[in-house]
Amino acid sequence: MVLTLVIKADKTTKSVFERHKEIILETQSFERDFNVVFLAHQDYENLQELKQIATSFNNHELFVCNTRTTDEEMTAMALSIYQNNDIILLTLSTNNHVLREMLKRRAEGYKIVRVKEKTNFFSQMFRVLGNWTYSIGLKMLGKKRDNFSESDVMFLESNIVSSICEDMQNTRENRITNVFSQTKHMTLDCKNVYENKKQANKNIKPMLSYGLWSFVFLLIFVALTSIYPFFYNFTYSWWMIVLIIFWVGFGLLLTFLFSKKVFYKRLGWPNRVNNYGEPLFGFLSHYEFGDEIKERKPLPKLTKPVLKNKIK
């Protein structure tokens, strides 16, 4: 199956030419033929460089959208156009080793590969606890499990992409939650997913905070159920039983409310569609190999290396 790299432009990457070269060389270590699709808004500061790359290299394209178009709508547009291809979602600031790991897992037959930022043991402990509590809240909401992986970096096999495109309004929810649990999937713990640590922190902090709150809740619950009765021959008075029931109910209520808030903030606005479920993208222009642009700058030479580490 043909592989398509869908690369979203971000405002943290300055050397667009260099990043493009690194991505191409990394991918060529595993794939001979692949497509590259750039996604950018019209106000992207390095848009001219992306235009030059898209028009100078074969199998490259650039889609430019207006500023009202959300990042997810741009992603959904690419998924819809290339739904018959295997797709790797990236940003320009995604580190090379993350791309390499996704290419390896694709060669191993995985249908979905998600990515999470790896943290130290202390942070990881509370993140796991936070994610566990978050999952309880999602069950109460009737939603599929969300392990809080990166939404902009993942691998999706072509059949998965086609299934996601059947509901164009909710592509983000179907990408980041475990809707396709029956397929061969995994989540990679990668150190430094992005060049800019701030991008990773936006996904680490909510679950870390949630885990700390859950830890405090469990400590108080243990105190109510074990420590206090220890001093009274493990005899529970009626008011103590009422207090324990109240505390559990209070915790479940907070879990529901917090999970709902975090989940819908993570989803953002649904994609715009018409009454027939057809997408309404704010598409402005498209560039591909051979197109003319007004301004050209010298491009660095891109030499194709000998294929190595090829996984058959």
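Before you click on anything, one definition: a residue is called buried under 20% relative accessible area, exposed over 50%, and partly exposed in between. Keep that in mind as you go, and remember that this is a predicted model.

**Stop 1: three asparagines and their accessibility**

Select Asn59, in the loop between α2 and β3 (60-65). Asn59 has a relative accessibility of 38%, so it counts as partly exposed. Now look at its backbone: although Asn59 is not a glycine, its phi is positive, at about 60 degrees. Most residues other than glycine have a negative phi.

Next, select Asn192, which sits in the loop between β7 (185-190) and α8. Here too phi is positive in a residue other than glycine, with a value near 55 degrees. Asn192 has a relative accessible area of 30% and is therefore partly exposed.

Then move to Asn84, in the loop between α3 and β4. Is Asn84 buried or exposed? With 58% relative accessibility, it counts as exposed. Show Val2 as well: the two residues are 82 apart along the chain, and their C-alpha atoms are separated by 8.3 Å. Leaving aside neighbours within four places in sequence, Asn84 is in contact with Met1, Ser158 and Ser162.

**Stop 2: two more loops**

Select Asn46, in the loop between β2 and α2 (47-56). Its relative accessible area is 11%, so Asn46 is buried. Which residues does Asn46 touch, leaving aside its neighbours within four places in sequence? They are Thr13, Lys14 and Val16.

Now go to Thr67, in the loop between β3 and α3. Add Asp43 to your selection: Thr67 and Asp43 lie 24 residues apart along the chain, with 7.2 Å between their C-alpha atoms. Beyond the neighbours within four places in sequence, Thr67 is in contact with Asp43, Gln42 and His41.

**Stop 3: helix α1**

Val16, which you met as a contact of Asn46, is among the buried residues of α1. Select the whole helix, residues 16-28. At 1.5 Å a residue, its 13 residues should span 18 Å, and the end C-alpha atoms are 18 Å apart, so the two values agree.

Colour the buried residues of α1 to see which they are: Val16, Phe17, Arg19, His20, Ile23, Ile24, Glu26, Thr27 and Gln28. What covers them? The cover includes the strands β1, β2, β3 and β4, along with the helices α2 and α4 (96-107).

**Stop 4: the nonpolar cores**

In soluble globular proteins, nonpolar side chains tend to be buried together. To see this here, select Leu5, Leu50, Leu62, Ile88 and Met102, the residues with the most contacts inside the largest nonpolar core, which has 38 residues. Centre the view on Met102. Leaving aside neighbours within four places in sequence, Met102 is in contact with Ile88, Leu89, Leu90, Val113, Val115, Val153, Met154, Phe155 and Leu188. A second, separate core has 22 residues, including Val6, Ala78, Leu89 and Val161.

**Stop 5: the cavities**

Rolling a probe the size of a water molecule over the atoms shows where empty space is left. How many cavities of 30 Å³ or more does a search of the whole structure find? There are three. The largest cavity holds about 50 Å³ of space.

To outline the largest cavity, select Val6, Lys8, Leu39, Thr75, Leu89, Leu90, Ser151, Asp152 and Arg175. This lining has four nonpolar, two polar and three charged residues. Both β1 (3-8) and β4 (86-91) supply at least two residues of it.

**Stop 6: the largest pocket**

Keep Ser151 and Asp152 selected, and add Asp71, Arg172 and Lys202: of the 27 residues that line the largest pocket, these five are the closest to its centre. About 650 Å³ of space lies in this pocket.

Which elements supply at least two residues each to the lining of the largest pocket? They are β2 (34-41), α3 (71-81), α8 (197-230) and α9 (238-267). With five residues, α9 gives the most. Colour the lining by class to finish the tour, and you will find nine nonpolar, six polar and twelve charged residues.

Key
Residues numbered from 1 in each chain as written. Predicted model: local features only at pLDDT ≥ 70, side-chain atom pairs only at ≥ 80, totals over all residues. Heavy atoms only, no water. 1 Å grid on protein atoms, 1.4 Å probe; cavity = no way out; pocket = protein on both sides within 12 Å on 5 of 7 lines; lining within 4 Å. Points joined across faces, edges and corners; volume = space filled by probe spheres on them. Helix = DSSP H or I, 4+ residues; strand = E, 2+ residues; numbered from the N terminus. Nonpolar A, V, L, I, M, F, W, Y, C, P; charged D, E, K, R; others polar. Core = buried A, V, L, I, M, F, W, Y, C linked by side-chain atoms within 4.5 Å. Buried < 20%, exposed > 50% of the residue type's maximum accessible area, 1.4 Å probe, protein only. Contact = heavy atoms within 4.5 Å. Expected span 1.5 Å × (residues − 1).
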